Amino acid sequence: MRKIVFVVLLFIKITGFAQSNYVDSLKLRLSATTNPLDSFSIIVKISEFNFVLGGGEADESTTIRLLSIAHKLKNDSLLAISYNWIGSYFAFTKGDNTAALEYYFKALPLAVKAKDKRRISSLYFDISLVYFTLENKEEAVNNLRMGNENLPDASSPMYLFMLMQYQRGMSQYYILSRQNDSALYYTQQLSATSLKLKSLSFQYGALYLSGQVYMQMDDKDMAEVYFKKAVAMTPLIESSAGRLSFYEIYIPFLFDNGNIHEARIQATELMELGLRDNNNNIKLSAAGFLRQAFDSLHRIDSAYYYAKMKDVLSDSVFNQHNQNAISALAFKEQLRIMEDAARKAEEERQRKENIQYVLIALGILTLLILYLFLSRSFITNTKLIEFFGVIALLIIFEFLNLLLHPFLERITQNSPILMLLALVCIAALLVPMHHKVEKWATAKLVEKNKKIRLAAAKKTIQQLGTNEDDKSD
C-alpha cells in the first residue's frame with residue numbers, strides 16, 4: 001500500500017510541475033498581448049487548467065473579463081464560451097443551480113449558431129452536473145447523451161477532454177442506478193482517458209468513483225485500494241467542492257467498515273479544509289462526521305461539542321445562503337448592466353446603419369424625381385409623381401423616426417402612448433407639407449408637359465412646312 005501511495009505522489013508531483021510551468025508561460029503571454037482575441041483564448045486556457053485539469057475553481061473576475069471581451073468583439077462563439085464559464089461559476093463556486101442553468105441555456109443557441117461542437121457538448125455535460133446536484137439522474141443522463149452526440153471529432157485536440165466529462169457523468173449515473181458493471185466500465189474508461197490527458201481532477205474523480213463502485217459491490221479490499229490512492233492525491237486538489245465529494249464518499253465507507261480512527265482523521269482534515277476556506281458547508285459536513293466518530297469512540301464530551309457545532313453551523317449556513325444570494329444578485333446585476341450596454345451599443349449601430357439606408361433610398365428617389373422634372377423630352381404622368389410623392393413621404397417619416405427615436409425615448413421615458421402621440425404629431429406636420437409640395441409639383445409637371453407638347457407641335461408644323469416647300473419646287 002505504501003508503494004502505491006509513493007508512486008501516485010511521485011506521478012502527481014511531476015505532472016503538477018509540468019502544468020505549473022505551462023500556466024506560468026500562458027500568464028507571461030497574457031501580460032504581453034494587446035490583441036483581445038488572443039487574450040480571450042489565453043484566459044480560457046489558463047482557466048481550463050486551473051478549473052478542470054488542476055482541480056481549481058471558476059472565479060468572478062475571470063468570467064467578467066471573458067464576457068467583456070466577447071461583447072467588445074461581438075462574437076457569438078465567444079459569448080457562448082463566456083456564458084458557459086459564468087454558469088460554471090454559479091454552479092461550482094456559488095452553488096446557485098438556477099442561475100447556472102439560466103446561463104448554460106443562454107449559451108446553447110449561440111454555440112449551435114457558431115457550430116461549435118466542443119462548446120455544445122461542454123454545455124450539455126455541465127447541465128447534466130447541475131441535474132446530478134438536483135438529484136434528477138434521468139434528466140442528467142439525457143443531457144449526457146446529448147453531449148456525447150455532439151462530441152468534437154476524434155482528431156480534435158479537445159476530444160479527450162470532452163470525452164472524460166461524458167465518462168465521468170455516465171459513471172455517476174450508473175452508480176446512482178446501482179448498475180455496478182456499467183459503472184465500473186465507465187470509471188475504468190475515465191481513468192485511462194484522464195491518464196492520457198494528465199488531468200488531476202479527473203484522475204481524482206476516477207479514483208474515488210471506482211472506490212464507490214467497489215464499495216457498492218461489497219468488495220472492501222478493492223474499494224480501499226482506490227480510496228487510498230485518492231487520499232494520496234487529495235492535498236493537490238484545490239477545488240473544495242471536489243474534495244468534499246470525495247470525503248462524503250470515503251468517510252462513510254470508513255464508518256461502515258469499523259475504521260473509526262481513520263474516519264476521525266479524515267473528518268479532521270475535512271474540518272481543516274472548511275476552516276482554511278471559511279466554508280460553512282464543509283465545516284457542517286465535517287462536524288457531523290466528527291460527532292459520529294467521537295460518539296462511536298464513546299468520547300461523549302467531544303461528541304457533544306461537535307453536535308453543538310453542527311447545530312450552530314446549520315443556523316450559520318442558513319444565514320450564509322442569504323448572504324450568498326445577495327452576493328449572487330449583485331454579480332447578476334453587474335452582468336445585466338454589461339449585457340444591457342452591449343445591447344444598446346448594437347441597437348445604436350443598427351440605427352445608424354438604417355439611417356444610412358434610408359438616406360440612400362431618399363437620395364435615389366430625389367434624383368429620379370428631379371430627372372422627371374428636368375427632362376426636356378420625357379412626358380411624365382401626374383399619377384407617377386403622386387406615387388413617388390407618397391413613397392418619399394414614407395421614407396422621410398421613417399428617417400425622422402430613426403433620427404429622433406433616442407430623443408423621444410428620453411423625453412417620453414419609453415411610454416408607448418407618449419411615443420405614439422409624438423409620432424402622430426410628426427405625421428400631422430408632414431402630411432400638409434406633403435400635400436402642398438405635391439400640388440406644386442403637379443402644377444410644375446403639367447406646365448412642363450404643356451411646354452414639351454407645344455415644342456413637339458411646333459417642330460411637327462415646321463417639318464410639314466418644309467415638306468410642302470420641297471413639293472412645290
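# Getting to know a helical chain

In this predicted model, residues 24 or more positions apart account for 62% of the contacts in the protein chain with a separation of 6 or more.

Q: What makes up the secondary structure of the protein chain, in helices and strands?
A: The protein chain has 17 helices and 0 strands. Of its 473 residues, 42% count as buried.

Q: How do you know how confident the predictor is in the protein chain?
A: The pLDDT values tell you: their average over the protein chain is 79, and 69% of the residues score at least 70. Some care is welcome at residues 1-18, where pLDDT stays under 50. For that stretch the model has 16 contacts beyond four places in sequence.

Q: Why is Ser88 called buried?
A: Buried means under 20% relative accessible area. Ser88 has 4%, so Ser88 counts as buried. You will find Ser88 in helix α4, which covers residues 76-94.

Q: What makes the pair of Ser88 and Tyr104 a polar contact?
A: A polar contact needs a pair of N or O atoms within 3.5 Å. The side chains of Ser88 and Tyr104 make such a contact at 3.2 Å. Tyr104 belongs to helix α5 and is buried there, with other buried residues including Asn97, Leu101 and Leu110.

Q: How do you know that the length of helix α5 agrees with its number of residues?
A: Helix α5 runs over residues 97-113, which is 17 residues. At 1.5 Å a residue, they should span 24 Å, and the end C-alpha atoms are 25 Å apart, which agrees. After α5 comes Lys115, with a positive phi near 55 degrees.

Q: How do you know whether helix α6 is mostly covered or mostly exposed?
A: Count its buried residues: 15 of the 17 in α6 are buried, so α6 is mostly covered. For α6, residues 117-133, the expected span is 24 Å and the end C-alpha atoms are 25 Å apart, which agrees. Glu135 follows α6 and has a positive phi, near 60 degrees.

Q: Why is Leu73 called partly exposed?
A: Partly exposed lies between the buried cut-off of 20% and the exposed cut-off of 50%. Leu73 has 35% relative accessibility, so Leu73 counts as partly exposed. Leu73 lies in helix α3, residues 60-73. Leaving aside residues up to four places away in sequence, Leu73 touches Pro36, Leu37 and Leu78. Leu73 and Leu37 are 36 residues apart in sequence, while their C-alpha atoms are 7.9 Å apart in space.

Q: What makes Ser25 partly exposed?
A: The relative accessible area of Ser25 is 32%, between 20% and 50%, so Ser25 is partly exposed. Ser25 sits in helix α1, residues 2-32. Between the C-alpha atoms of Ser25 and Ile46, 21 residues apart along the chain, the separation is 9.8 Å.

Q: Why is Arg178 called exposed?
A: Exposed means over 50%, and Arg178 has 58% relative accessibility, so Arg178 counts as exposed. Arg178 lies in the loop between α8 (159-176) and α9 (180-197).

Q: What is there to notice about phi of Arg178?
A: Most residues other than glycine have a negative phi. Phi of Arg178 is positive, near 60 degrees, in a residue other than glycine. Lys74 is not a glycine either, and has a positive phi of about 50 degrees. Lys74 is placed in the loop between α3 and α4.

Q: How many aromatic pairs come out of the ring rule?
A: The count comes to 21 aromatic pairs.

Q: Why is the pair of Tyr214 and Tyr226 called stacked?
A: Ring centres must lie within 6.5 Å to pair, and planes under 30 degrees apart count as stacked. Tyr214 and Tyr226 have 5.7 Å centre to centre and 10 degrees between the planes, so they form a stacked pair. Tyr214 lies in helix α10 (residues 200-216) and Tyr226 in helix α11 (residues 220-233), so the pair ties together parts that are 12 residues apart in sequence. Both Tyr214 and Tyr226 are buried.

Q: What makes the pair of Phe294 and Tyr306 stacked?
A: The centres of Phe294 and Tyr306 are 5.7 Å apart and the planes differ by 0 degrees, so by the cut-offs of 6.5 Å and 30 degrees the pair is stacked. This pair links helix α14 (residues 280-296), home of Phe294, with helix α15 (residues 300-374), home of Tyr306. Phe294 and Tyr306 are both buried.

Q: How do you know that Lys229 lies over the face of Tyr226?
A: The distance from the ring centre has to be within 6 Å. Lys229 is at 5.5 Å from the ring centre of Tyr226 and lies over its face.

Terms used. Residues numbered from 1 in each chain as written. Predicted model: local features only at pLDDT ≥ 70, side-chain atom pairs only at ≥ 80, totals over all residues. Heavy atoms only, no water. Helix = DSSP H or I, 4+ residues; strand = E, 2+ residues; numbered from the N terminus. Buried < 20%, exposed > 50% of the residue type's maximum accessible area, 1.4 Å probe, protein only. Contact = heavy atoms within 4.5 Å. Phe/Tyr/Trp six-rings, centres within 6.5 Å; stacked < 30°, edge-to-face > 60°. Lys NZ or Arg CZ within 6 Å of the ring centre and 35° of its normal. Polar contact = N/O pair within 3.5 Å; in protein donor to acceptor, adjacent residues only side chain to side chain. Expected span 1.5 Å × (residues − 1). pLDDT = per-residue confidence, 0-100.
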